[in-house]
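Reader: I should like a close look at a single part of this model, with every criterion stated.

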Amino acid sequence: MFDQLTHRVVQAPMAGTSTPELAVAVCEAGGLGFVALGALDAEGARKAIQAVRRKTGRAFGVNLFCHAPARRDPAQEAAWIDTLRPEFQRFGASPPTALSEIYPSFRGNDAMLSVLLAEAPAIVGCHFGLPKPDQIAALKGAGCKLWATATSVAEGQAIRDAGFDAIVAQGHEAGGHRGIFDPDGSDGRLDHLALVRALLPLGLPVVAAGAIMDRAAARAAMTAGAAAVQCGTAFLRAPEAATPPAHRAALSGGQTVMTRAISGRPARCLANAFTSIDDTGAADYPVAYDIGKALHAAAMARGNAGYGAFWAGTGAAASVARPAADTVRAISP
(Lines give C-alpha, C1' and ligand atoms only; values in the text may rest on other atoms or scores of the structure.)
Protein backbone atom coordinates (compact mmCIF):
# COMPACT_ATOMS: atom_id res chain seq x y z
CA MET A 1 0.00 0.00 0.00
CA PHE A 2 2.81 2.42 0.89
CA ASP A 3 5.58 0.70 -1.07
CA GLN A 4 3.99 1.92 -4.31
CA LEU A 5 4.58 5.56 -3.34
CA THR A 6 7.66 7.40 -4.52
CA HIS A 7 7.12 9.84 -1.67
CA ARG A 8 5.32 8.79 1.50
CA VAL A 9 3.34 12.00 1.59
CA VAL A 10 -0.45 11.80 1.81
CA GLN A 11 -2.59 14.82 0.92
CA ALA A 12 -5.28 15.34 3.55
CA PRO A 13 -8.82 15.30 2.09
CA MET A 14 -9.88 18.78 3.36
CA ALA A 15 -13.54 19.01 2.32
CA GLY A 16 -14.17 22.37 0.72
CA THR A 17 -10.59 23.21 -0.22
CA SER A 18 -9.17 20.06 -1.79
CA THR A 19 -10.05 19.37 -5.41
CA PRO A 20 -9.66 16.53 -7.93
CA GLU A 21 -6.88 18.63 -9.49
CA LEU A 22 -5.01 18.69 -6.17
CA ALA A 23 -5.36 14.92 -5.76
CA VAL A 24 -4.09 14.38 -9.31
CA ALA A 25 -1.09 16.65 -8.80
CA VAL A 26 -0.09 14.84 -5.61
CA CYS A 27 -0.52 11.41 -7.18
CA GLU A 28 1.45 12.35 -10.29
CA ALA A 29 4.25 13.65 -8.05
CA GLY A 30 4.52 10.23 -6.41
CA GLY A 31 2.47 10.91 -3.28
CA LEU A 32 -1.05 9.82 -2.38
CA GLY A 33 -3.88 12.19 -3.23
CA PHE A 34 -7.32 12.13 -1.62
CA VAL A 35 -10.73 13.35 -2.72
CA ALA A 36 -13.04 14.63 0.03
CA LEU A 37 -16.57 13.25 -0.36
CA GLY A 38 -18.05 14.23 3.00
CA ALA A 39 -19.72 17.39 1.71
CA LEU A 40 -20.86 15.85 -1.60
CA ASP A 41 -23.92 13.87 -2.59
CA ALA A 42 -23.57 10.54 -4.39
CA GLU A 43 -23.57 12.02 -7.89
CA GLY A 44 -21.06 14.68 -6.89
CA ALA A 45 -18.85 11.94 -5.46
CA ARG A 46 -19.04 9.96 -8.69
CA LYS A 47 -18.04 13.01 -10.73
CA ALA A 48 -15.13 13.82 -8.40
CA ILE A 49 -13.76 10.28 -8.52
CA GLN A 50 -14.07 10.13 -12.29
CA ALA A 51 -12.40 13.53 -12.63
CA VAL A 52 -9.33 12.14 -10.87
CA ARG A 53 -9.36 8.93 -12.91
CA ARG A 54 -9.40 10.88 -16.17
CA LYS A 55 -6.07 12.52 -15.31
CA THR A 56 -4.09 9.90 -13.43
CA GLY A 57 -3.72 6.16 -13.47
CA ARG A 58 -2.19 6.16 -10.01
CA ALA A 59 -3.95 4.98 -6.87
CA PHE A 60 -5.80 7.60 -4.82
CA GLY A 61 -8.16 7.70 -1.88
CA VAL A 62 -11.55 9.12 -0.99
CA ASN A 63 -12.72 10.29 2.41
CA LEU A 64 -16.11 10.08 4.12
CA PHE A 65 -17.77 11.52 7.24
CA CYS A 66 -19.04 8.77 9.56
CA HIS A 67 -20.52 10.88 12.34
CA ALA A 68 -23.54 9.89 14.38
CA PRO A 69 -26.76 11.63 13.32
CA ALA A 70 -27.20 15.08 14.84
CA ARG A 71 -29.02 15.23 18.16
CA ARG A 72 -31.80 17.62 17.26
CA ASP A 73 -32.78 19.90 20.13
CA PRO A 74 -35.17 22.66 19.01
CA ALA A 75 -34.59 24.72 22.15
CA GLN A 76 -30.81 24.54 21.83
CA GLU A 77 -30.95 25.36 18.13
CA ALA A 78 -33.24 28.35 18.73
CA ALA A 79 -30.89 29.58 21.45
CA TRP A 80 -27.89 29.25 19.12
CA ILE A 81 -29.71 31.20 16.43
CA ASP A 82 -30.33 33.94 19.00
CA THR A 83 -26.67 33.87 20.05
CA LEU A 84 -25.59 34.54 16.48
CA ARG A 85 -28.36 37.02 15.65
CA PRO A 86 -26.28 40.10 16.63
CA GLU A 87 -23.50 38.91 14.32
CA PHE A 88 -25.95 38.80 11.40
CA GLN A 89 -27.30 42.21 12.33
CA ARG A 90 -23.82 43.70 11.91
CA PHE A 91 -24.23 43.03 8.21
CA GLY A 92 -27.87 44.01 7.88
CA ALA A 93 -28.96 40.39 7.68
CA SER A 94 -31.20 38.02 9.62
CA PRO A 95 -30.29 34.49 10.65
CA PRO A 96 -32.24 31.51 9.32
CA THR A 97 -35.36 30.70 11.33
CA ALA A 98 -34.59 26.97 11.36
CA LEU A 99 -31.50 24.83 10.83
CA SER A 100 -30.87 21.74 8.71
CA GLU A 101 -28.57 18.73 8.96
CA ILE A 102 -26.62 19.69 5.87
CA TYR A 103 -24.06 16.86 5.70
CA PRO A 104 -25.50 13.34 5.96
CA SER A 105 -23.29 10.72 7.50
CA PHE A 106 -22.02 7.90 5.30
CA ARG A 107 -23.58 5.54 7.81
CA GLY A 108 -26.87 4.62 6.17
CA ASN A 109 -26.10 6.45 2.92
CA ASP A 110 -26.92 3.69 0.45
CA ALA A 111 -26.54 5.93 -2.59
CA MET A 112 -22.97 6.85 -1.63
CA LEU A 113 -22.13 3.22 -0.93
CA SER A 114 -23.39 2.24 -4.38
CA VAL A 115 -21.11 4.81 -6.01
CA LEU A 116 -18.09 3.58 -4.05
CA LEU A 117 -18.78 -0.05 -4.92
CA ALA A 118 -19.10 0.86 -8.59
CA GLU A 119 -15.99 3.07 -8.68
CA ALA A 120 -13.91 1.05 -6.18
CA PRO A 121 -11.25 3.63 -5.28
CA ALA A 122 -8.02 2.16 -3.98
CA ILE A 123 -8.53 3.61 -0.49
CA VAL A 124 -11.63 4.64 1.43
CA GLY A 125 -10.86 6.79 4.47
CA CYS A 126 -13.28 7.56 7.29
CA HIS A 127 -13.48 10.52 9.67
CA PHE A 128 -15.52 10.99 12.88
CA GLY A 129 -16.09 7.25 13.33
CA LEU A 130 -16.63 4.05 11.38
CA PRO A 131 -19.14 2.84 8.81
CA LYS A 132 -21.65 0.12 9.63
CA PRO A 133 -20.35 -3.47 9.52
CA ASP A 134 -22.23 -4.27 6.32
CA GLN A 135 -20.72 -1.21 4.62
CA ILE A 136 -17.25 -2.24 5.75
CA ALA A 137 -17.75 -5.75 4.40
CA ALA A 138 -19.04 -4.44 1.08
CA LEU A 139 -16.13 -2.04 0.61
CA LYS A 140 -13.59 -4.71 1.48
CA GLY A 141 -15.34 -7.05 -0.94
CA ALA A 142 -14.90 -4.43 -3.67
CA GLY A 143 -11.14 -4.46 -3.04
CA CYS A 144 -10.91 -1.10 -1.26
CA LYS A 145 -8.30 -0.60 1.45
CA LEU A 146 -9.85 1.05 4.51
CA TRP A 147 -8.34 3.82 6.60
CA ALA A 148 -9.81 5.72 9.54
CA THR A 149 -8.77 8.63 11.73
CA ALA A 150 -7.94 8.04 15.38
CA THR A 151 -7.25 10.60 18.09
CA SER A 152 -6.70 7.99 20.82
CA VAL A 153 -5.65 4.40 21.39
CA ALA A 154 -9.25 3.40 22.10
CA GLU A 155 -10.32 4.68 18.68
CA GLY A 156 -7.34 2.92 17.12
CA GLN A 157 -8.44 -0.34 18.72
CA ALA A 158 -11.94 0.08 17.31
CA ILE A 159 -10.45 0.71 13.86
CA ARG A 160 -8.28 -2.40 14.08
CA ASP A 161 -11.11 -4.55 15.40
CA ALA A 162 -13.34 -3.43 12.52
CA GLY A 163 -10.85 -4.91 10.05
CA PHE A 164 -9.34 -1.70 8.72
CA ASP A 165 -5.98 -1.57 6.97
CA ALA A 166 -4.40 1.63 8.35
CA ILE A 167 -4.87 4.27 11.05
CA VAL A 168 -4.43 8.00 10.53
CA ALA A 169 -3.03 9.37 13.80
CA GLN A 170 -4.49 12.87 14.01
CA GLY A 171 -2.43 14.92 16.43
CA HIS A 172 -4.01 17.82 18.27
CA GLU A 173 -1.97 20.21 16.10
CA ALA A 174 -3.89 19.22 12.98
CA GLY A 175 -6.13 21.67 11.19
CA GLY A 176 -9.81 21.14 10.52
CA HIS A 177 -12.22 18.93 12.39
CA ARG A 178 -11.01 16.62 15.11
CA GLY A 179 -11.72 13.07 14.03
CA ILE A 180 -12.71 12.15 17.57
CA PHE A 181 -15.55 9.61 17.52
CA ASP A 182 -17.44 11.21 20.41
CA PRO A 183 -17.10 15.01 20.28
CA ASP A 184 -18.33 15.21 23.88
CA GLY A 185 -15.88 12.58 25.13
CA SER A 186 -12.55 13.20 26.77
CA ASP A 187 -9.74 14.22 24.44
CA GLY A 188 -6.17 13.40 25.44
CA ARG A 189 -4.93 16.05 22.96
CA LEU A 190 -1.84 14.05 22.05
CA ASP A 191 0.51 15.49 19.47
CA HIS A 192 1.05 13.36 16.38
CA LEU A 193 4.38 11.92 17.50
CA ALA A 194 3.03 10.72 20.84
CA LEU A 195 -0.10 9.35 19.17
CA VAL A 196 1.89 7.45 16.54
CA ARG A 197 3.97 5.78 19.22
CA ALA A 198 0.86 4.90 21.23
CA LEU A 199 -0.90 3.37 18.21
CA LEU A 200 1.98 1.30 16.82
CA PRO A 201 1.44 -1.66 19.21
CA LEU A 202 -1.95 -2.23 17.59
CA GLY A 203 -0.12 -3.71 14.61
CA LEU A 204 -1.51 -1.60 11.77
CA PRO A 205 0.39 0.91 9.63
CA VAL A 206 0.03 4.39 11.12
CA VAL A 207 -0.06 7.60 9.10
CA ALA A 208 1.03 10.66 11.07
CA ALA A 209 -1.03 13.86 10.73
CA GLY A 210 -0.74 17.24 12.40
CA ALA A 211 1.32 20.31 11.45
CA ILE A 212 3.80 18.39 9.31
CA MET A 213 5.08 21.21 7.13
CA ASP A 214 8.62 20.25 6.13
CA ARG A 215 11.03 17.38 5.65
CA ALA A 216 12.38 17.57 9.20
CA ALA A 217 8.92 17.04 10.67
CA ALA A 218 8.20 14.23 8.23
CA ARG A 219 11.45 12.48 9.11
CA ALA A 220 10.68 12.80 12.82
CA ALA A 221 7.30 11.15 12.26
CA MET A 222 8.87 8.33 10.26
CA THR A 223 11.51 7.86 12.93
CA ALA A 224 8.70 7.53 15.47
CA GLY A 225 7.32 4.67 13.40
CA ALA A 226 4.86 6.24 10.96
CA ALA A 227 4.43 4.53 7.60
CA ALA A 228 3.70 7.88 5.93
CA VAL A 229 2.79 11.46 6.75
CA GLN A 230 -0.48 13.21 5.97
CA CYS A 231 -0.36 16.93 5.21
CA GLY A 232 -3.24 19.34 4.72
CA THR A 233 -2.23 22.86 5.69
CA ALA A 234 0.96 22.48 3.65
CA PHE A 235 -1.19 22.25 0.49
CA LEU A 236 -3.61 25.10 1.21
CA ARG A 237 -1.65 27.65 -0.82
CA ALA A 238 -1.17 25.35 -3.81
CA PRO A 239 -2.72 26.66 -7.03
CA GLU A 240 -4.59 23.36 -7.40
CA ALA A 241 -6.44 23.87 -4.09
CA ALA A 242 -9.77 25.70 -3.86
CA THR A 243 -8.64 27.73 -0.84
CA PRO A 244 -10.36 31.16 -0.97
CA PRO A 245 -8.09 34.22 -1.25
CA ALA A 246 -8.96 35.43 2.26
CA HIS A 247 -8.07 32.01 3.68
CA ARG A 248 -4.75 32.00 1.83
CA ALA A 249 -3.95 35.48 3.13
CA ALA A 250 -4.84 34.57 6.72
CA LEU A 251 -2.42 31.63 6.81
CA SER A 252 0.58 33.91 7.28
CA GLY A 253 -0.79 35.01 10.67
CA GLY A 254 -0.47 31.46 11.92
CA GLN A 255 -2.63 31.76 15.05
CA THR A 256 -5.13 28.92 15.36
CA VAL A 257 -7.75 27.96 17.93
CA MET A 258 -10.01 24.97 18.49
CA THR A 259 -13.69 25.88 18.32
CA ARG A 260 -17.17 24.35 17.99
CA ALA A 261 -18.79 27.65 17.10
CA ILE A 262 -18.53 27.26 13.33
CA SER A 263 -19.78 23.70 12.85
CA GLY A 264 -20.81 22.22 16.20
CA ARG A 265 -17.76 19.94 16.39
CA PRO A 266 -14.29 20.80 17.68
CA ALA A 267 -12.14 21.99 14.78
CA ARG A 268 -8.89 23.92 14.49
CA CYS A 269 -9.35 27.20 12.65
CA LEU A 270 -7.32 30.33 12.01
CA ALA A 271 -8.35 32.85 14.67
CA ASN A 272 -11.02 35.25 13.42
CA ALA A 273 -14.28 36.90 14.43
CA PHE A 274 -16.15 33.59 14.40
CA THR A 275 -13.67 31.78 16.64
CA SER A 276 -13.99 34.56 19.24
CA ILE A 277 -17.67 33.65 19.80
CA ASP A 278 -18.34 31.57 22.91
CA ASP A 279 -19.13 28.09 21.58
CA THR A 280 -20.63 26.73 24.79
CA GLY A 281 -24.18 26.57 23.44
CA ALA A 282 -23.41 25.59 19.85
CA ALA A 283 -25.95 23.36 18.15
CA ASP A 284 -24.88 19.84 17.25
CA TYR A 285 -22.81 19.00 14.17
CA PRO A 286 -23.58 19.47 11.31
CA VAL A 287 -26.66 21.54 12.21
CA ALA A 288 -24.52 24.38 13.55
CA TYR A 289 -22.61 24.42 10.28
CA ASP A 290 -25.82 25.39 8.48
CA ILE A 291 -26.04 28.73 10.27
CA GLY A 292 -22.24 29.06 10.28
CA LYS A 293 -22.21 29.04 6.50
CA ALA A 294 -25.10 31.52 6.41
CA LEU A 295 -23.23 33.91 8.69
CA HIS A 296 -20.10 33.69 6.55
CA ALA A 297 -22.17 34.43 3.45
CA ALA A 298 -23.81 37.45 5.10
CA ALA A 299 -20.42 38.82 6.13
CA MET A 300 -18.85 38.21 2.73
CA ALA A 301 -21.74 40.05 1.07
CA ARG A 302 -20.50 43.12 2.95
CA GLY A 303 -16.84 42.43 2.19
CA ASN A 304 -15.98 40.94 5.59
CA ALA A 305 -14.04 37.64 5.55
CA GLY A 306 -13.81 37.34 9.32
CA TYR A 307 -16.38 34.56 9.65
CA GLY A 308 -14.86 31.97 7.33
CA ALA A 309 -14.17 28.37 8.27
CA PHE A 310 -10.48 28.88 7.62
CA TRP A 311 -9.32 25.50 8.86
CA ALA A 312 -5.56 25.19 9.40
CA GLY A 313 -3.06 23.44 11.62
CA THR A 314 -0.62 25.02 14.02
CA GLY A 315 2.04 25.16 11.30
CA ALA A 316 -0.04 27.53 9.15
CA ALA A 317 2.56 30.31 9.07
CA ALA A 318 5.05 27.90 7.45
CA SER A 319 2.80 27.21 4.46
CA VAL A 320 4.32 28.06 1.09
CA ALA A 321 2.61 29.15 -2.12
CA ARG A 322 3.86 26.63 -4.67
CA PRO A 323 2.55 23.82 -6.89
CA ALA A 324 1.39 20.74 -5.00
CA ALA A 325 4.06 18.61 -6.63
CA ASP A 326 6.76 20.86 -5.19
CA THR A 327 5.26 20.52 -1.74
CA VAL A 328 5.27 16.74 -2.03
CA ARG A 329 8.97 16.76 -2.90
CA ALA A 330 9.84 19.36 -0.23
CA ILE A 331 8.20 17.35 2.56
CA SER A 332 9.10 13.84 1.41
CA PRO A 333 11.08 12.15 4.16
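Is Cys231 buried or exposed? Please set the answer within its surroundings.

Author: Cys231 counts as buried, at 1% relative accessibility; buried means under 20% relative accessible area, exposed over 50%, and partly exposed in between, with a 1.4 Å probe and protein chains only. The model is a predicted one, in which local features need pLDDT of at least 70, side-chain atom pairs count only at pLDDT 80 or more, and totals for chains, interfaces and linings use all residues. Residues are numbered from 1 along each chain as its sequence is written, and side-chain values use heavy atoms, with hydrogens and water left out.

A search of the whole structure finds 0 disulfides, a disulfide being a pair of cysteine sulfur atoms within 2.5 Å. Cys27 is in no disulfide, and its nearest cysteine sulfur, that of Cys231, is 14 Å away. Seen from Cys231, the closest cysteine sulfur is that of Cys27, and the distance of 14 Å is too far for a bond. Cys27 is buried as well, with a relative accessible area of 0%.

Ahead of Cys231 in the chain comes Gly225, in the loop between α8 (215-223) and β9 (228-231). Helices (H or I, at least four residues) and strands (E, at least two) are DSSP runs, numbered from the N terminus. Gly225 is partly exposed, at 30% relative accessibility. Leaving aside neighbours within four places in sequence, Gly225 is in contact with Val196 and Leu200, where contact means heavy atoms within 4.5 Å. Its C-alpha atom is separated by 27 Å from that of Ile136, which is 89 residues apart along the chain.

Gln170 offers another local view, placed in strand β6 (residues 166-170). Gln170 counts as buried, at 5% relative accessibility. Beyond its neighbours within four places in sequence, the contacts of Gln170 include His127, Thr149, Arg178, Leu195 and Ala209.

As for the whole, the protein has 11 helices and 11 strands, and buried residues make up 54% of its 333 residues. Among contacts between residues at least 6 apart in sequence, 68% join residues at least 24 apart. The radius of gyration is 19 Å, which agrees with the value near 20 Å for a compact globule of 333 residues; this radius is taken over C-alpha atoms, and the globule rule is 2.2 Å times the number of residues to the power 0.38. Along the principal axes, the C-alpha atoms fill a box of roughly 55 × 40 × 40 Å.
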